[in-house]
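Welcome! Please take a moment to look over the sequence and the 3D view, and then we can walk through them together.

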Amino acid sequence: MKITKEQISNVIWILAIVLILFTPLGFYPRVWVNKIVATIISPSAIDEDEQTVLKNYNWNLVDLDGNQTNLESMKGEVVLINVWATWCPPCVAELPGFVQLYEDYGEEVTFAFVANDQKEKVEAFLKKKGYDLPIYFQVSATPTVLESGSIPVTYIIDKQGNIVVDKTGAANWNSDKTRSLLEKLISE
């Protein structure tokens, strides 16, 4: 059996795809693809009649300095919660938008970036990227309405406890649409 140029080409393409999808070498290309996707997708608010209310704010968190807090202390505020990890390409792809959003709204909106990762890896990642975000790790079980089987997942909760945004996957969080939504929620 003679091997053709087309067969060799197909094998090379299959190897390239396998390397990108299933090895650490593919992490950065996946981040890049997710950044492109995130620039296109802007999260939308959930219709009011379909919004879930966060009744149980009991969620113990600890920050990078070891200070404990509870989501209960954020009750009555506009809260943006993002669950992420350093090993997650869509998470890494959308973080620059969050950094910009946090810089502009950090005084008016309570941000909680809950890392699903090891503290040392998170600290090294933040230092390398130069990100200054309020990072937390969960100490107790996540409230049921905030549970997700996927990351990244982001919630925006209004002052009354309504989950206004529930978005899984990478998105453009620094969009005009998100900024308008935050402005509206802050003014309520």
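The paragraphs below go from the overall layout to the sheet, the helices, the aromatic pairs and the nonpolar cores.

Let us begin with the whole chain, keeping in mind that this is a predicted model. The chain has five helices and eight strands. Followed along the sequence, these elements come in the pattern α-α-β-β-β-β-α-β-α-β-β-β-α. The C-alpha atoms fill a box of roughly 70 × 35 × 30 Å along the principal axes. Of the 188 residues, 44% count as buried. Among the contacts with a separation of 6 or more, 69% are between residues 24 or more positions apart.

Now turn to the sheet. In what order do the eight strands of the open sheet lie? The order is β1-β8-β7-β4-β5-β6-β2-β3, and the pairing is mixed. At the edges are β1 (52–53) and β3 (68–70), each of which pairs on one side only. Strands of a sheet pair through backbone hydrogen bonds, and they can be parallel or antiparallel.

Both kinds of pairing can be found here. Strand β4 (residues 79–84) runs antiparallel to strand β7 (residues 153–157), and five bridges join the two. One place to look is V79, whose bridge partner in β7 is I157. Strand β2 (residues 60–63) is also antiparallel to its partner β6, with three bridges between them. In that pairing, D63 stands opposite Y136 of β6. By contrast, β5 and β6 run parallel and are joined by two bridges. Y136 appears again in this pairing, as the bridge partner of V114.

With the strands in place, the helices can be added. Strands β4 and β7 are joined by five bridges, and helix α3 (residues 89–105) packs on the sheet, touching both of these strands as well as β5 (110–115). The direction of α3 makes about 155° with that of β4. Helix α4 (residues 119–129) packs on the sheet too, where it touches β4, β5 and β6 (135–138). Its direction makes about 165° with that of β6. Together, β5, α4 and β6 make a right-handed β-α-β unit.

The aromatic rings offer a good way into the interior. A search of the whole structure finds six aromatic pairs. One of them is formed by W84 and F125, which are tilted, with 5.8 Å centre to centre and 45° between the planes. W84 lies in strand β4 and F125 in helix α4, so this pair ties together parts that are 41 residues apart in sequence. Are W84 and F125 buried or exposed? W84 counts as buried because its relative accessibility is 0%, and F125 is buried as well, with a relative accessible area of 11%.

Another pair, Y102 and F111, is edge-to-face: the centres are 5.2 Å apart and the planes make 85°. Here Y102 is partly exposed, with a relative accessible area of 25%, whereas F111 is buried at 3%. These two residues belong to one aromatic cluster together with F98, F113 and W173.

What about the nonpolar interior? The largest nonpolar core has 36 residues, and those with the most contacts inside it are W84, V109, V122, I135 and I156. The elements giving two or more residues to this core are β4, α3, β5, α4, β6, β8 (162–168) and α5 (176–187). Helix α3 provides the largest share, eight residues. To see how V122 is surrounded, leave aside its neighbours within four places in sequence: V122 is then in contact with L64, W84, T86, A115, D117, I135 and F137. A second, separate core has 17 residues, including L54, W59, V79 and L146. V79 is the residue met earlier as the partner of I157.

A last stop is L101, in helix α3. L101 counts as buried because its relative accessibility is 0%. Which residues is L101 in contact with, leaving aside its neighbours within four places in sequence? They are L80, G106, F111, W173, N174, T178, R179 and L182. Two of these names, F111 and W173, come from the aromatic cluster described above. As for L126, it is 25 residues from L101 along the chain, and the C-alpha atoms of the two are separated by 16 Å.

Technical notes. Residues are numbered from 1 along each chain as its sequence is written. This is a predicted model: local features need pLDDT of at least 70, side-chain atom pairs count only at pLDDT 80 or more; totals for chains, interfaces and linings use all residues. Side-chain values use heavy atoms; hydrogens and water are left out. Two strands pair if DSSP finds at least two bridges between them. Helices (H or I, at least four residues) and strands (E, at least two) are DSSP runs, numbered from the N terminus. Contact means heavy atoms within 4.5 Å. Axes are lines fitted to C-alpha atoms, for helices over the stretch in contact, and angles run from 0 to 180 degrees between N-to-C directions. Rings of Phe, Tyr and Trp (its six-membered ring) pair if their centres lie within 6.5 Å; planes under 30 degrees apart count as stacked, over 60 as edge-to-face and the rest as tilted. Buried means under 20% relative accessible area, exposed over 50%, partly exposed in between (1.4 Å probe, protein chains only). A nonpolar core is a set of buried Ala, Val, Leu, Ile, Met, Phe, Trp, Tyr and Cys residues joined through side-chain atoms within 4.5 Å. A crossover is right-handed if, with the strands pointing away from the viewer, the path from the first strand over the helix to the second runs clockwise.
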